[in-house]
Amino acid sequence: MDGVDKEKVQRIVYEMSKGSKYFQNEERKDAFITQKINNLRTQCDKLTQADLSHFQKVADRRILELEATRDLSRIWLHVDMDAFYAAVETLSNPTLKGKPMAVGSMSMISTANYEARKFGVRAAMPGFIARKLCPELIFVPTDFKKYTYYSDLTRKVFRRYDPNFMAASLDEAYLDITEVCKERNINSEEIADELRTSVYEETGLTCSAGVAPNRLLAKVCSDINKPNGQYVLPNDRMAVMTFISSLPIRKIGGIGKVTEHILKAVFGINTCEQMLEKASYLCALFSQSTTDFFYSVGLGLGKTDSPEIRFRKSISNERTFSATEDEVLLYKKLEELADMLSTDMQKEGLCGRTLTLKLKTSSFEVRTRAVTLPKYISSREDILKHASELLKAELPLSVRLIGLRVSHFDGDKYGGATSDPKQKTITDFITSIDANRNCFLPDVADHDLVGHTETDVSIGSWQTSRDPIDGNQSSDVNCQSGTGWRSEEVRTSGNNASCSNYGQVKEAVGSTFPIQGQFEDTSTLNLSNLPEDEGLNSCKDKTMLWLNDYKCSLCGIELPPSFIEERLEHSDFHLAEKLQKEEESRIHQRTSDSSRSWDQKNRITRESISKRQKLSQKEGSYRPIDYFFVKEQ
């Protein structure tokens with residue numbers, strides 16, 4: 001976007017967005033950043049020369065340590081496709097060539113071609129502002145299936161040069177070309193040129209490349225001769241330091257608009273080299289991890305090792321659109337996301353248990369809700385079913401972004417970390433309370449009792465739930481966990497209600513699957529109806545009751561009637577809690593009995609010693625050998 005009248009662009013953006021919720025959100029963020037800058041300035045003013053001298057010594061020592069880690073033995077190449085989405089659309093429709101075009105809609109732009117960028121149009125800009133900057137702008141709707149197809153074609157080319165390349169997104173990747181340069185006895189510049197030519201021949205798309213001793217610098221280099229160009233930074237320390245000396249800090253990945261603003265406003269840092277000049281101030285005001293990053297930028301250091309294979313921990317997608325309260329439209333968007341997410345998961349052979357819904361409201365507030373399911377899912381139907389329930393709990397609401405994420409993948413299939421074999425589930429806990437005393441009712445399945453407390457704390461008006469630790473759950477029992485919901489304290493308002501969902505509790509005894517059906521207006525689990533058993537006696541004093549068919553009378557958690565499995569699981573928790581308290585009470589009782597027995601034994605022992613002492617006084621100085629040993633009574 002060189003040559004663009006940035007002041008004009010900023011003025012139009014300001015005028016077009018003034019008074020909008022976006023504008024109000026930006027004002028809130030600006031106020032927060034301004035406050036942070038003022039606080040940092042105040043802290044800077046309090047630093048004495050002695051303080052600065054001390055922190056300079058600390059910083060110098062750390063800079064020397066970081067310098068010792070410099071590795072110039074590897075050659076990294078960063079390849080970045082040129083205006084990828086826009087280029088794919090132009091390839092599909094050649095009539096768009098040479099015309100200002102943006103991929104997206106009037107609400108938001110995903111990317112723009114180079115003709116549109118000359119007017120100041122850019123990614124993540126609202127379409128109506130882009131149209132004001134460029135009245136002739138053509139909008140093309142996004143087509144991610146098409147972009148994924150072309151991305152796969154480019155990746156086939158990348159694998160020829162580095163089978164273990166790192167994909168940063170659909171349109172960029174990092175390649176370690178050290179070995180291919182040695183094997184073919186050609187330099188990195190020739191490899192970069194050859195790779196770009198191959199990508200064009202395979203896809204008809206152009207790309208830019210950057211070559212450097214590490215990944216951080218390679219990404220910077222790929223942006224220098226865009227579009228359809230390349231830049232090579234030699235593996236030489238002097239060349240690296242010269243390159244870094246005048247490089248603007250915003251060019252570095254990881255330094256965005258906010259960080260740039262703070263560094264400039266507080267410390268007067270504009271170039272990477274100035275990171276080292278202001279090392280004492282950075283050391284005084286930031287954490288070690290942050291200062292290490294800043295010093296590394298000043299030294300031109302970046303990662304050079306090929307990362308170990310790391311298994312994916314989550315998979316997600318999200319879409320932005322014009323703010324709407326239309327529930328039909330929102331569910332349609334959710335259906336599209338579920339379809340795409342399921343396709344991506346099945347392509348990678350993934351099945352997950354935790355589903356998270358992300359919403360961004362019209363006021364730019366971000367909300368998330370999550371549910372951990374009893375089984376691993378990957379199908380479109382399963383994802384949509386549970387996602388719809390999460391969305392229903394938030395409506396009515398004006399939404400401008402919806403996202404779905406699946407995590408907590410099947411470790412056995414996926415190679416992830418296995419859970420701790422010593423970690424017990426609720427099932428294990430109940431069955432192991434005291435087998436010798438038969439405290440557990442063996443014929444009652446987990447599903448037919450009550451729940452789990454994997455719900456997290458409330459954050460504002462929305463919730464998240466943490467992933468439960470996956471313990472050794474038995475193969476024939478489907479352990480379930482709840483979802484994050486708003487929690488309130490609610491007083492119990494009834495003890496005589498019967499279980500309306502189960503019909504009769506005795507029908508649940510012996511069942512190994514959750515009873516299906518809808519909860520009535522007041523649903524309860526009356527523990528006094530359970531069979532007589534030593535381990536359940538203490539559970540009879542309270543009744544599990546859903547107040548207004550929504551709130552748990554024992555803890556106040558809210559679960560809608562449609563969350564049948566979660567409500568069953570929630571009751572499991574209350575039963576397990578009762579059993580645990582009773583077991584602790586028994587242990588305390590045994591400890592007290594043992595203590596009384598020990599006191600009695602000590603008293604008898606003291607009396608025995610006293611008698612022997614009296615005997616020894618009568619018999620003279622001679623003491624029999626058994627005097628030195630106290631016999632157990």
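## A three-stranded sheet

In this predicted model, three strands make up an open sheet with mixed pairing, and their order is E3-E2-E4. The edges are held by strand E3 (109-112) and strand E4 (138-140); each has a single partner strand, so one side of each has no neighbour in the sheet. On average, neighbouring strands of this sheet are turned by 30° against each other, direction ignored.

Helix H4 (residues 84-92) packs on the sheet and touches E2, E3 and E4. The direction of H4 makes about 110° with that of E2.

## Strand E2 and its partners

The mixed pairing of the sheet can be followed from strand E2. With E3, strand E2 (residues 101-104) pairs in the antiparallel sense over three bridges. A hairpin of four residues joins E2 to E3, and Ala 102 stands opposite Ala 112 in E3. With E4, by contrast, E2 runs parallel, and three bridges join the two strands. Here Val 103 stands opposite Val 140 in E4.

Are the faces of E2 covered or uncovered? Both are covered: Met 101 and Val 103 are buried on one side, and Ala 102 and Gly 104 are buried on the other. This arrangement can be read alongside a general pattern. In a regular strand, side chains alternate between the two faces of the sheet.

## Helix H17

Helix H17 comprises 13 residues (residues 380-392). At 1.5 Å a residue, H17 should span 18 Å, and its end C-alpha atoms are 18 Å apart, which agrees.

Which residues of H17 are buried? They are Ile 383, Leu 384, His 386, Ala 387, Glu 389, Leu 390 and Leu 391. A general rule helps in reading such a list. An α-helix has 3.6 residues a turn, so residues three or four places apart point the same way.

The buried residues of H17 pack against one helix and several strands: helix H16 (327-348), strand E10 (352-361), strand E11 (366-377) and strand E12 (399-409).

## The protein as a whole

The sheet and the helix described above belong to a protein whose secondary structure comes to 21 helices and 17 strands. The protein has 633 residues, of which 44% count as buried. Among contacts with a separation of 6 or more, 68% are between residues 24 or more positions apart.

How much area does the protein expose? The exposed area is about 33,900 Å², and carbon and sulfur atoms supply 49% of it.

Definitions and conventions:
Residues numbered from 1 in each chain as written. Predicted model: local features only at pLDDT ≥ 70, side-chain atom pairs only at ≥ 80, totals over all residues. Heavy atoms only, no water. Expected span 1.5 Å × (residues − 1). Buried < 20%, exposed > 50% of the residue type's maximum accessible area, 1.4 Å probe, protein only. Contact = heavy atoms within 4.5 Å. Areas by Shrake-Rupley, 256 points an atom, 1.4 Å probe, with all protein chains shown as cover. Pairing = 2+ DSSP bridges. Axes fitted to C-alpha atoms, helices over the stretch in contact; angles between N-to-C directions.
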